[in-house]
Protein chains: 2
Amino acid sequence: MTLRHAILGLLSKWDATGYDIKKEFDDFMSIFWHSHLSQIYPELNKLEAEELVTSRLVPQEGKPDRKVYSITNGGIDEITSWVGAPPDIPKIKDSFLMQVFFMDNISADDVIFQLKYYQGVRQKRLDEMKQTVQEAWESIVERQIMTPRLLMSSAVLRRGLEQEVQYIRWCEETIALVEACKSLWDTDTSPDSVLPFNDAKELMENYYNATLALENDEA
Amino acid sequence: MTLRHAILGLLSKWDATGYDIKKEFDDFMSIFWHSHLSQIYPELNKLEAEELVTSRLVPQEGKPDRKVYSITNGGIDEITSWVGAPPDIPKIKDSFLMQVFFMDNISADDVIFQLKYYQGVRQKRLDEMKQTVQEAWESIVERQIMTPRLLMSSAVLRRGLEQEVQYIRWCEETIALVEACKSLWDTDTSPDSVLPFNDAKELMENYYNATLALENDEA
DNA sequence: TCTATCATGTAAAGGGTTACATGATTCC
DNA sequence: GGAATCATGTAACCCTTTACATGATAGA
């Protein structure tokens, strides 16, 4: 039940059509949400039936009419109370991390290939976000204004950026780790095999110590 | 269609019942996946119908029979090819970040309250993971073995930990930012109001410069 | 006594994705 | 000539969540 809040939140800032909302989802809001037009249009109808939004038709030349939605007082109450409500406990689904978890089933070279590929995917996302950050900052400087709205957007944007940067860094580290431990795959590929611990001992000791020390690092 | 791969991946390591699989989802695998028993049981039946797994009943005293599943060669082919297949593009849903995005609708104090609460939620997750890391390392040291399986688990565990550490750090930073910019909310709460840029100028300049410099930091 | 754990499921409702349907304009 | 953009939607399917259903044992 969060799509309705994504829509109401947007409409609390500007009037918009379903099509406009989808563009916003694909642009800035892709940091934390996504949806399809075929889900947005029916949801807008439901919200109108519940009188949380109203709509008016704006005719255009050579294009279909725009159905422009506005939020009602009821809609503002709904979004405000949701924003102040206890957040859901995080339910993470990261299918790439799951692939990695099962990558002992494929060769070390294939593991490295997958990690490099995914690193590239994340880098693309990062590059897009960096452009958004640049534009956001330039617009703030140009207009010489600061508002709670811009502040919260900035914080969210930063979180999105950090997430990409850190995922990319983890890919790099993991590639290095697998590269250094290739012998674990090469010498014996049967699932029951175990290798002398010494081959990877120091490396893994460092890795685990670094992992356990993560919390105490300064940013 | 990833639940089937979560299940097949697990069964490629050990035989298990639906109930066992659920426990694994709630424990280690919660870093990247989750599911309900009411989804796992029907999925296991489907996998058996497709001959990717087989099952046998193991009677118990005073408890219901265990229906223990094993993976077939077909199942191993399926999981292996999925692990080596191009990863999905990441589709992120983070409803808390969405709440934050719309928090200009509530007071600065309420924003800080929400951020502190969520920080606590993430801290709890982190504490659990830290225990898992500790146990994983102790078991590796004790058994004196290293395998691709343990290596990939370690990498995933580290990613999970990093994610929590960094989300918590972002919460702290964002709390400090809102605290420093409280005046943006206090002086005028109407959505059309804009405040003199100077109030937050230097702070935001630093914030944006830090955000843009993120990629170049060394871990 | 009540709650948690073990262990299996079904049914209904809700949320999300893909495919289908239409049709003009603009850009390559 | 073909692809992309603007703009609206419906239908079918798939995936996920919540509620219902059973029943024994162990521990607080």
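## The interface of chain A and chain B

Across the interface of chain A and chain B, the rule finds 28 residue pairs in polar contact, both residues at pLDDT 80 or more (a pair of N or O atoms within 3.5 Å, one able to donate a hydrogen and the other to accept it, with residues adjacent in sequence counted only if both atoms are side-chain atoms). On the side of chain A that touches chain B, the elements giving two or more residues include α1 (3–11), α6 (108–143), α7 (148–180) and α9 (201–213) of chain A, and the largest share, 23 residues, comes from α7(A); helices (H or I, at least four residues) and strands (E, at least two) are DSSP runs, numbered from the N terminus.

This is a predicted model, in which local features need pLDDT of at least 70 and side-chain atom pairs count only at pLDDT 80 or more, while totals for chains, interfaces and linings use all residues. Residues are numbered from 1 along each chain as its sequence is written, chains are lettered from A in the order in which they are written, and side-chain values use heavy atoms, with hydrogens and water left out.

The classes on the side of chain A that touches chain B are as follows.

| Class | Residues of chain A |
|---|---|
| nonpolar (Ala, Val, Leu, Ile, Met, Phe, Trp, Tyr, Cys, Pro) | 58 residues |
| polar (the others, Gly among them) | 22 residues |
| charged (Asp, Glu, Lys, Arg) | 20 residues |

The two chains bury about 10,500 Å² between them, 69% of it on carbon and sulfur atoms, where buried area is the accessible area (1.4 Å probe) that two parts lose on being put together, summed over both. The rule also finds six salt bridges across this interface (a side-chain nitrogen of Lys or Arg within 4 Å of a carboxyl oxygen of Asp or Glu), and the side chains of R158(A) and E173(B) meet in a salt bridge at 3.5 Å, N to O.
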